[in-house]
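Biologist: Hi, I've got this structure open and could use some company going through it. Can you walk me through what stands out?

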Amino acid sequence: MRHLLNPLDFSVEEISSLLDLASDIEHNLPRYAHVCDGKKIATLFYEPSTRTRLSFESAMLNLGGSVLGFSSASSSSAAKGESVSDTIRMVSCYADICAMRHPKEGAPLVASLHSSIPVINAGDGGHQHPTQTLTDLMTIRSLLGRLDNMTVGLCGDLKFGRTVHSLINALVRYPNVRFLLISPTELKIPEYIREDVLRANNIEFVEVDSLDAAMPELDILYMTRVQRERFFNEEDYIRLKDCYILDKAKMKLAKDHMFVLHPLPRVNEISVEVDDDPRAAYFRQVQYGVYVRMALIMTLLEVAKPC
Amino acid sequence: MLNISGLSEGIVLDHIQAGKSLDIYYHLGLDKLECQVAIIKNAKSSKMGRKDIIKIEGPLDSLNLEVLGYIDHNITVNIIRDNKIVEKKTLKLPRKITNVIQCKNPRCITSIEQELPHIFYLSDTATETYRCMYCEEKYGK
């Protein structure tokens, strides 16, 4: 039995197979409508996340399975003080697979140690968010046709943005990927990503604070939201939340075949006037997220591809 | 000259970095044992200038050398039987340590689930870096 806790749990080859399956699902959706008949996914969301939870639920429903779960800690037995390990033992009796989001880092790992069903990390604090990474990889591969030989700009909250950390970890495994890390000083990439991931793998990267200057170089621009819930100090949040706003003027600086991704939800870091630009790919990204989660559920449940 | 009697059976922890002996005393749980323990601080050492030494009397099979390896893998462990050194153990940085250090990341699951063991793994031997198994936060010695 396998879990997905970290984007690196899957090798490059396994990710390639998973994305191939997701792509086949995208083009032949009706063929997959019953491959998970009778299977259940438990979505254990200890903190609110409409998008990710609905994506998992949509994915399982598309496969013919059903869903159960909770959408906040207050509506779960965690409110009564139940531990993650006890909760997962209980859930293992009810469902075939589970997706867990938790505000505390490492909670899905704790669950996996006591689970008899596959555990998918659906985001743990500022730590990892592997299915967002798979979504990002699928989006990039579908739009650019490759996961190598590109310049990726990551913009906004690079300190607490777990999607950014996970994406960097995943992309450094592909050849000739260069990063422009665009953030204010306070929200720079953590030292362990800079040293242990980028420098340790001899990856070319530049840390800059100007989005305008970076735009012409990019093949992918990955925007992020400055997340209020990651700050202990409200004043810091207010000071930093509007540090980058992508608008039409900035888009004019970009290549014609550059694409803008965002893990969503956005607040105001991407102006709505950008939404109609064909290079704005963040809503397509949401759709890819469902396909890749369908592929992941099938893979972890060891469900065969339909003939 | 300070005289401390020799051991007929026990363990001598030698080449402890000067000033670290009390940390080791508590980390090894020696305060909870009833055997005789001698702590020698700031002993002269040709190799180290000054060093600490701990002498522990009696058979101590349960002594957690993993902890010792984490604290200072340069310590020499001498096993004494019948008044003689019968074995000299050298220590290595342990790959994994359990309940020796605590994760300080307020966002780590261990910050709210008190019963979880605090497990760290060695992520970089050259820099002797340990990371929390759960949140991967680096632990600074």
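**Core, chains and loops**

Modeller: Happy to, and keep in mind that this is a predicted model. A good place to begin is the largest nonpolar core, which has 109 residues. The residues with the most contacts inside this core are C98(A), Y222(A), M294(A) and I297(A).

Biologist: Which helix gives the largest share of this core?

Modeller: That would be helix α11 of chain A, residues 282-300, which supplies nine residues of the core.

Biologist: And M294(A), what is it in contact with, leaving aside its neighbours within four places in sequence?

Modeller: With those neighbours set aside, M294(A) is in contact with A22(A), I25(A), Y32(A), A59(A), N62(A) and L63(A).

Biologist: Let's zoom out. How many helices and strands does chain A have?

Modeller: Chain A has 11 helices and nine strands. Its radius of gyration is 19 Å, close to the 19 Å that the globule rule gives for 307 residues, so chain A is as compact as a globular protein of that length. The C-alpha trace of chain A spans about 55 × 50 × 40 Å along its principal axes.

Biologist: What share of chain A counts as buried?

Modeller: Of its 307 residues, 47% count as buried. Among the contacts in chain A with a separation of 6 or more, residues 24 or more positions apart account for 77%.

Biologist: Back to helices for a moment. How do α1 and α5 of chain A cross?

Modeller: Helix α1 (residues 12-27) and helix α5 (residues 130-144) of chain A have axes that come within 11 Å and cross at roughly 70°. Angles of 65 to 115 degrees count as roughly perpendicular, so α1(A) is roughly perpendicular to α5(A).

Biologist: Which residues make the contact?

Modeller: On the α1(A) side they are I15(A), L18(A), L19(A) and A22(A). From α5(A) come L134(A), L137(A), M138(A) and R141(A). You've met A22(A) already, as one of the residues in contact with M294(A).

Biologist: Is the crossing of α1(A) and α5(A) left-handed or right-handed?

Modeller: The crossing of α1(A) and α5(A) is right-handed.

Biologist: New topic: backbone oddities. Where is there a cis peptide bond?

Modeller: Look between L264(A) and P265(A), which are joined by a cis peptide bond with omega about 0°. P265(A) sits in the loop between β9 (259-261) and α11 of chain A. That α11 is the helix we met in the core, with nine residues there.

Biologist: Over to chain B, then. How many helices and strands are there?

Modeller: Chain B has two helices and nine strands. From the N terminus on, the elements run β-α-β-β-α-β-β-β-β-β-β. Along its principal axes, the C-alpha trace of chain B spans about 50 × 30 × 25 Å.

Biologist: What about burial there?

Modeller: In chain B, 26% of the 141 residues count as buried. Residues 24 or more positions apart make up 57% of the chain B contacts with a separation of 6 or more.

Biologist: And which residue has a positive phi of about 50° although it is not a glycine?

Modeller: That's D82(B), found in the loop between β4 (76-81) and β5 (84-90) of chain B. N83(B) lies in the loop between β4 and β5 too, and N83(B) has a positive phi of about 65° without being a glycine.

Biologist: Does D82(B) count as buried or exposed, and why?

Modeller: D82(B) counts as exposed because it has 7 C-beta neighbours inside 10 Å, and the cut-off for exposed is 12 or fewer. N83(B), with 9 C-beta neighbours inside 10 Å, therefore counts as exposed as well.

Definitions and conventions: Residues numbered from 1 in each chain as written. Chains lettered and ligands numbered in written order. Predicted model: local features only at pLDDT ≥ 70, side-chain atom pairs only at ≥ 80, totals over all residues. Core = buried A, V, L, I, M, F, W, Y, C linked by C-beta atoms within 7 Å. Buried ≥ 20, exposed ≤ 12 C-beta atoms within 10 Å, placed from the backbone. Helix = DSSP H or I, 4+ residues; strand = E, 2+ residues; numbered from the N terminus. Contact = placed C-beta atoms within 7 Å. Rg over C-alpha atoms; globule rule 2.2 N^0.38 Å. Axes fitted to C-alpha atoms, helices over the stretch in contact; angles between N-to-C directions. Parallel < 35°, antiparallel > 145°, perpendicular 65-115°, else oblique. Left-handed = near helix turned anticlockwise from the far one by under 90°.
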